[in-house]
Amino acid sequence: MVQYQTVVGLEVHIQMNTYSKAFCGDALSFGAEPNTHVSTISLAHPGTLPKPNKEHINKGLKLALSLNSEVNKVNAFDRKHYYYADSPKAYQITQDRLPICVGGALEIELADGSKKNVRIHHMHMEEDAGKTIHDIDTQYSMVDLNRAGTPLLELVTEPDLNSGDEVLAFIAQLQQLVRYLGISDGDMEKGSLRCDVNISVNPVGSKILGERCEVKNVNSKKNAKAAVLYESQRQIALLEKGLTFNKQTLHFDPESGRTSPMRDKEDADDYRYFPDPDLPPIRISQSEIDEIQELLPALPWEVKKKMKEQVKLNEYDSTILSSDKKIADYFFNLLEQKANPKLLANLMINKILPHLNGKEMSSIEIEEDVIISFLSLIENEKVSPSTAYQKLWPALIDNPSKPPKDLAQSLGILQIKDDGIISKIIEEVISENSVQAEEYRKGKKKVFGFLIGQAMRKSKGSAAPDVVKKALMDALHN
Amino acid sequence: MNPGRSLIAIQEKIKSGNFTISDLVQYYLERIEGAKHLNAYLEVFADEAITKAKILDEKLKNQPDQCGKLIGAVISIKDVICYEGHKVSASSKILNGFESLYSATAVQRLLDEDVIIIGRTNCDEFAMGSGNENSAYGPVINGVGENRVPGGSSGGAAVSVQMDTCLAALGSETGGSIRQPAAFTGIYGLKPSYGRVSRYGLIAYGSSFDQIGVFSHDVKTMASLLEIIAGNDPMDATSSTTPAGKYDFADTRGPQKIAYIDDVLNHPSISPDVKSATLKTIADLESRGHELVPVNFDFLDHVVATYYILTTAEASSNLGRYDGIRYGHRSKEAKDIHELYIKSRSEGFGDEVKRRIMMGAFVLSVGYYDAYFTKAQKVRRLIKEEIENIFSTFALILMPTTPDVAWKLNDKSADPLKEYLADIYTVIANLAGIPALSFPVSQSDNGMPIGMQLMAPQFKERDLLNFVETLH
């Protein structure tokens, strides 16, 4: 029986989070009232012209450099023509001949820990279309042009992905990267990141790629994975029956988990690309490239490596703490303030992040120096780790501006380590329980635990157990 | 009253109290009324001009130092140039009733210097034509010979100046649409270098060719207006960052080396009248001490084809936005979006516009792109290099503006190719992106004006204006 291999290439549209649109001053918007972020330029009024957005170009360069893609020092915009109600100029400004960069790669890590390099074919800049909404009115379609002109980067991979899991890992890694770079929120639900998934299957060992089908506009990682699974099985089933199929554009329905052919209005189209005469070629100097390179933040995989190798965190902790740039920045910032790395990692993973519950790191209401004091109470054994987590942390959440030590004091959980105090307690315990003490001395070792319990109770639980243990031992053996 | 035809004279007369700006506007409005049959204006902003004149008269009286440099200048604008709160239609049915929400940069700069805009002028639809017979609102008629075209596409603009209905006019050029009507109507017309004047607010025809320019009766008025509208504009990425500077006449220059193209004089298209006027101009310039030298230009027979391939390609793209969805004419018959496009555009565009959109779509389509568009781009580069090569030795190039004088109405409109070929001498400057100025020299035997043009290297408008000023 023939074994098949799934081959997938992605076209990912990334919406840039620039201040204004790609070719005019309209502010970007998500969820605004329809047609409130439009100007004469984005409405393509007579006589208007596009003007390039330096921020769009610079953010494109950031992604290019972080993927080791080669920047085209002269790149240029082209017009891609098609008529649709949400395309006001009847063409889209894109880059057809000279994209901003070519080549490069993104390394992905799979669940089993194995790694894979996915090659990038190229990336180009373009503008988004508006939206046509068909289900508001029974007679008319509605057009919202708020999105028209939003800057996009389209990243096209080589067909290097071979499973739904790899596709999922790639998108997740790319999302993390664009968020680290601060160029896009990468949010698939909002449409800030959209994927066209090209899927084909071919017999294992065969160099010839099978006919490919393109699943358009997939809007979540989960759906991308499901589309790859469904579509590869569909294609294999057809091939096994000896049937063939044509290159198709498909839609993925998350409800049914199936793909179906789209209305093929675009397939035979001729886009009549030609260089946009309104926009002179973009020239990027080496010094501009160096400047952007200089400004690049540490990339997610570099941050994780640093956590593992320099801070000596384990794989799990490093993965979580490097997942988001702001979390990682917070971690390193507190390390600089002399926080104990392991204690800090534990606190962040077990308490701080669950407390934030997905909100921004910056929304934490506890000041950094308070966190530092909190951690030093544990490190200096003023409060035991378990008491600190169970009692002191909730109290701190309720009183974020109070010094943790004062809180611990009022909760009565500060550990007593003072030899004098503890010796006094032990003395009292021995004299109050002289029978048991005598039994111990005669060899009945198990009453030791009883005596420790008495001592702890006397200290209302705040004596440091190891100190109590040692003091009792000394007292009994005298 | 006769206010005269130069800005300097008008400003002096206003200052010395000969007449007020209100008088001047009244005078022009009467001239407009008298020339109504020529159909130069699509709309006259009479009330607005009267109101603004009163305000400016007050300003002159009370705050003379606050007055703009161009106070006293009353101009018309071609109906492809946007003016906030005013209709703009590109002489097309598809934009019938459309009102612009903003002003073109050139218009705004003029308004800031206290210019009064008295109306918008008729032109060929979307500036496509050489006779001003392609307007959805009827042809414009030349004020010299009443059965003659005024030239196009800025025919209304040319006639508005020719008939003294205003001091000067803003027109636009893609392939001669200012110089050719200037020549046909016996006035001055300047096409600046590509990138000299912002195209923001100029309805696009061929984006890599289009430029706003000026019509006037004299060079100094032209220079004053150009100085204001020239210069970089952040709204137009193709506008040059090379400073425009001052277009003054402070220099006196000695004899110049001027090239003329031998093939032009011997070209089958040139009429005997124009040929002899050209020879006379050459002799006249020589008698003034300039050196006139015939040069070769190998591309004369390719310029028209190159021009039409590239401009129709750009036009087919630029005119895609007129779809009836957001503004403009929308067919009432359409049942779905596909029909909406087809019917709105079929009803809204005239024949010449449709012809050029179809040609442009054809030369850009897969399978023909390289044979037409790519090749034409290569030829354009060669033409540019050849022209630059001439300018390495010569300061200026002299050429008749048109092969013949203004033709009779309906004479060429039946044969588009014949009309295209009449652009042969003007399109060179647009292909090369250089400035060119058409000036009146004489008349044909039947009394029609003949114009010559001088071309200068890119952004050498100042040299060009200075030289032509010495000729009268």
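Tutor: Let us start with a definition. A salt bridge is a side-chain nitrogen of Lys or Arg within 4 Å of a carboxyl oxygen of Asp or Glu. The structure above is a predicted model.

Student: Which residue forms a salt bridge with Arg79(A)?
Tutor: The rule asks for N and O within 4 Å. Here the closest N and O atoms are 3.0 Å apart. The partner of Arg79(A) is therefore within the limit. That partner is Asp278(A).

Student: How many residues apart in sequence are the parts that Arg79(A) and Asp278(A) tie together?
Tutor: Arg79(A) belongs to strand β4 of chain A. Asp278(A) sits in the loop between β16 and β17 (282-283) of chain A. So the pair links parts whose separation in sequence is 199 residues.

Student: Which side chain of chain B meets Asp278(A) in a salt bridge?
Tutor: Side chains of opposite charge can pair when their charged atoms come close. Across the interface of chain A and chain B, the rule finds one salt bridge. Its N to O distance is 3.0 Å. Opposite Asp278(A) stands Arg199(B).

Student: How many salt bridges are there over all chains?
Tutor: Apply the rule to every chain, and the count is 46.

Student: What is the strand order in the open sheet of three strands in chain A?
Tutor: Look at the edges. Strands β5 (91-94) and β16 (274-275) of chain A each pair on one side only. Strand β4 (residues 78-81) of chain A pairs with β5(A) in the antiparallel sense, over four bridges. The order in chain A is β5-β4-β16.

Student: Which residue in β5(A) stands opposite Arg79(A)?
Tutor: Arg79(A) lies in strand β4 of chain A. Across from Arg79(A), in β5(A), is Ile93(A).

Student: Which helix of chain B lies across β4, β5 and β16 of chain A?
Tutor: Find the helix at residues 303-318 of chain B. This helix runs at about 60 degrees to β4(A). Its name is α10 of chain B.

Student: How much area do chain A and chain B bury between them?
Tutor: In this contact, 31 residues of chain A meet 40 residues of chain B. Pro46(A), Leu49(A) and Tyr83(A) supply 23% of the area chain A buries against chain B, more than any other three residues. Carbon and sulfur atoms hold 60% of the area buried between the chains. That area is about 2800 Å².

Student: How many residue pairs are in polar contact between chain A and chain B, and how many residues on the touching side of chain A are nonpolar?
Tutor: The polar contacts come to 16 residue pairs. On the side of chain A that touches chain B, β4 and β16 of chain A each supply at least two residues. That side has five polar and six charged residues. Its nonpolar residues number 20.

Student: Which strands stand at the edges of the sheet of eleven strands in chain B?
Tutor: The open sheet has mixed pairing. An edge strand here has a single partner, so one side is left without a neighbour in the sheet. The edge strands of chain B are β1 (41-44) and β8 (291-295).

Student: What is the bridge partner of Tyr260(B) in β8(B)?
Tutor: Strand β7 (residues 257-261) of chain B runs parallel to β8(B), with five bridges joining them. In β8(B), Tyr260(B) has as its partner Pro294(B).

Student: Where is Arg272(A)?
Tutor: Most residues other than glycine have a negative phi, and most peptide bonds are trans. Arg272(A) has a positive phi, near 45 degrees. Its place is the loop between β15 (258-261) and β16 of chain A.

Definitions and conventions. Residues numbered from 1 in each chain as written. Chains lettered and ligands numbered in written order. Predicted model: local features only at pLDDT ≥ 70, side-chain atom pairs only at ≥ 80, totals over all residues. Heavy atoms only, no water. Pairing = 2+ DSSP bridges. Contact = heavy atoms within 4.5 Å. Axes fitted to C-alpha atoms, helices over the stretch in contact; angles between N-to-C directions. Buried area = accessible area lost by both parts, 1.4 Å probe. Polar contact = N/O pair within 3.5 Å; in protein donor to acceptor, adjacent residues only side chain to side chain. Nonpolar A, V, L, I, M, F, W, Y, C, P; charged D, E, K, R; others polar.
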